[in-house]
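Please take a moment with the sequence and the structure shown here before reading on. The report then moves from one chain to its domains and its contacts.

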Amino acid sequence: MTATSAPAPPAAPAPARARRPRRRVDWGKYVTWAVIAWLLSPIAFMIVFSFNDIKGRHNVTWQGFTLHWYADALAYPDLTQALVNSLLIALLTMVFAGLLGGLLGLALGRYTFRGQGATDLVMFSAISAPEVVMGAGLLSMFLTMNIATGFWTIVVSHVMFSVSFVAITVRARVLALDPALEEAARDLGASAWTTFRLVTLPMLAPALMAGGLIAFVLSIDDYIITTFVSGNTSTFPLWIWGTTRVGTPPQVNVMGTLIFAVGVLLAVVNAAMARRRA
Amino acid sequence: MSRIDRALLRGMTRARMSRRGLLGAAGLAAAGAALTGCGVGGQGAGKAPESEDFWAGKESNGKLRFANWPLYMDAERTQLKEFTEATGVKVDYDEAVQENHSFFGKIQPKLADGESIGYDLMVLSTGIELAKLVELGYLAPLDHTKMPNFSDYAGDKYQDPSYDPGNRFTVPYTSGITGIAYNPDYVDREITSIADLWRPEFEGKVGMMADPQEIANFALLLNGVAPADSTEQDWEKAADKLKEQRDKGIVRRYYQQDYIQPLTNGDVWLSMAWSGDVFQQNAEEGAGLEFVVPEEGATLWSDLMMIPRTAANPVDALMLMDFLYEPDVAAGLAEYINYIPPVPEVQNILEEKAADASGEEKEFLEDLVGSPLVFPTDEDYTKLHNYVPLSVDQEESFSPLFLSVTQS
Amino acid sequence: MTDERRPRLATRAAPYLLVAPAWLWLALFFVVPIATILSMSLMSGNLYDGYSLTWEFGNYAAAVGTYWEQIGRSLLYGACATVLCILIGYPCAYWIAFRGGAYKNVYLLLLLLPMFVSFVLRTISWKAFLADQGIILGTLKGIGLLPDGAYVLNSAPAVVFGLAYNFLPFMVLPVYAVLERMDHRVVEAARDLYAGPVRAFTRVVLPMSLPGVFAGVIMTFIPTSADYVNATVLGGAHNTMVGKVIESQYLVNNAYPMAASITFVLMAVLLVGIFSYARALGTDRVMEASAR
């Protein structure tokens, strides 16, 4: 890897290329594709092994093809419950973080106000603080306040760490908006609320959707903070972690594959829509 | 997608910090400290009530919630269905226990507040957590007048054990041996002793357990000390022995329970292991692993059923506890989990079943009945030791000592 | 005319109203918890009698004295993983930004795809890949490139590898964002000026992209050095990271003050690290440059 990073990858903007001789090897391309292959290889493994016809408890060596695990995806009620919990938590996080983060992002992008610096600082800290520190802090607080941990403490914590991501996404969109559109609406006699509802909100919708999606993904994937605040509630990552002791059943691969497929689908749809709007 | 990312990135790279903002945050933090008060409530050691007091006026509610370890009952929950058929009591079964420590950590705050933990029956192992639960008065005393099956069918070794005299709070769900397993594909000689786990020729190929008690037991036995009679000095010597093994690079990893797959595919060649895991792996995947009770001795542990004092349906829990001691039911359990059943009668029942069975099932049942991993011989039993008995005070020096071995 | 006044008042209050809910949430569930760590780290007592705030500063000495090795190791692994991320991620971001053409977004999407699979599941998958007789090592041993006893799984390199794998996108994205905004004409001018792609890169492109690298370093170094999932799954007998210690002190040993002290030490070390890092690079310049 070092060999590929030391020499400068050939940067040849289009006009320059006309004057210079063509480069022979495009190293950057190979590096990029190698990195992509590297990143995707465990996922390929997960998908392939969701079709593995294993006899025992351990899903690590290939033993033949089967669709059995897809038909029997709900064989473990605890796994199903954990997944349902994860989805519910992620949805609630999406809604709450979307709402709070949307308002915050709107304010940050639209107004200058006292406390903006502090807000930036807190948001930046909440994004970059290590998960183990946030988890430890939340648990410490729940302990000192004598609050039992469980489903709702997970939701509260997930909203906390995803709200800044939503706010940032929305703020960027607000900054990019053309204020002339809203002025025009005002000039045409729309009230502040009507302007917001009919002009501002639709323009913010893509950013809100994107922010909500980020919140959803962050929530459903979270392991470290969730372990600290979960009490007796299990989530998908926690359940997987538990099974690593005794052998992770192929149903986990099945659900992982399905979630991955839905994620890819959403991303592709989102990208297609963005392209059409553009 | 790309749109999100770019927006996100812009935000990420746009952080601005001001000294004033920092000060403001610090002030807020101070306020926070004041807000949250200054203390965590104590768990105050309560005394367990006498059996009659506890059970007075308690009746069956027709349901209960059962927290158990993963893979401790088949996916159909056959035994629970039988129980519901026999008694009409419905059971919510939850594979909630994955580790003694962490499960205890989760339920302990609720028990301290006298709140229900959401379970009426739970299974935890012999060990530190059990001592804590008893000492803190968190367990309901069992009413043995309502447990005829237990007194009739439980094996002698499981009645009146040293860790819970008179079975006051617990009865075994299943038991097992902690011994050594090795993979003959990689180890070309017979392994017979704990000392083999310290041999430099196996550098990087030895698996040890992460549990403080388990590794303490093995090091004590290696030093020729019976865990049950060990002193604090013995512990320190044992910890030194373990650190020596670790620092020489002999230990590949300290495993929770996930040593069995690495053992099968050759990441480790020999490892501390639990009897039932090895039996299961051989039966299911034909792994061909060997399990030995080392000559220095090994330990016998039990996973115990117990009722938290705050249980909402203790009578139903007691009923299920006793039901699982009916020999036919116990045989069904043993057939699935492959650990040592506390009901000796099970061996005969499975023997008869094997005689009537055919094909693969017959083969499996014969293996099971004949296996010293599931039905240890009397000779094995003489080599099996109990755990280090720990009071809560002793535990405060014991655990950190051995955690400093495994968590480094 | 009364209509003129009302919106103005509303406008003045508006930002505060909009910000209030999120502020409240972050104050309550981010700032207060962090403060609680501080107060808890100064408590003493035990699980049975409870813990109370006694300003027990000795907790810190005990935390550092017992766990300095794990803390140091975490920072080291985090730093190694971060460097690895730069070495791998920079060329990647560079190529996508300058040569990705119409497919830039597709490449970015491909880089982000793994995020749709649970972090825990991704990490566990590596165990099978890195097994002693697995696809990679088994093959290398088969053709005699590695001695039979060699292994990768359960070692420090495996942990660093896992960390770099899981956090690479956090390096690529900020670097990409900066490079992508760069004016291509500047790059072109630089090439004419310095007469060579290498010097054009080191004199112009690299310095201009530093803010992205800076952001990337923060986004990778902090989470990698505090992570314990990779060390637990891919590490061996002597690779415990401080996050694991914190987790087990909280959830297993219920030794809250000790746990809080270690957490606070970790946090302090990371903060000091970031600020001195920012200082060395010139905070204002970096921050200004990274602000769009």
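What radius of gyration does chain A have, and what value would a compact globule of 278 residues have? Chain A has 24 Å, whereas a compact globule of 278 residues would have a value near 19 Å; the radius is taken over C-alpha atoms, and the globule rule is 2.2 Å times the number of residues to the power 0.38. This is a predicted model, in which local features need pLDDT of at least 70 and side-chain atom pairs count only at pLDDT 80 or more, while totals for chains, interfaces and linings use all residues. Residues are numbered from 1 along each chain as its sequence is written, and chains are lettered from A and ligands numbered from 1 in the order in which they are written.

Along the principal axes, the C-alpha atoms of chain A fill a box of roughly 70 × 70 × 35 Å. The secondary structure of chain A comes to 13 helices and zero strands, where helices (H or I, at least four residues) and strands (E, at least two) are DSSP runs numbered from the N terminus. Of the 278 residues in chain A, 49% are buried, a residue being buried if 20 or more other C-beta atoms, placed from the backbone, lie within 10 Å of its own. Among the contacts in chain A with a separation of 6 or more, 77% join residues 24 or more positions apart; two residues are in contact if their C-beta atoms, placed from the backbone, lie within 7 Å.

The domains of chains A and C are set out below, with bounds that come from an automatic or database domain assignment.

| Chain | Domain 1 | Domain 2 | Distance between C-alpha centres |
|---|---|---|---|
| Chain A | residues 2–14 + 27–70 | residues 77–248 | 30 Å |
| Chain C | residues 15–56 | residues 68–290 | 30 Å |

In chain C, the contact between these domains takes nine residues from domain 1 and seven residues from domain 2. Helix 1 of chain C gives the most to the domain 1 side of this contact, with four residues.

Between the chains, 76 residues of chain A are in contact with 78 residues of chain C. Helix 3 of chain A, which spans residues 27–48, gives the most to the side of chain A that touches chain C, with 12 residues. By class, that side of chain A has 56 nonpolar, 17 polar and three charged residues, where Ala, Val, Leu, Ile, Met, Phe, Trp, Tyr, Cys and Pro count as nonpolar, Asp, Glu, Lys and Arg as charged, and the others, Gly among them, as polar.

Terms used
A residue is buried if 20 or more other C-beta atoms lie within 10 Å of its own, exposed if 12 or fewer, and partly exposed in between; C-beta atoms are placed from the backbone.
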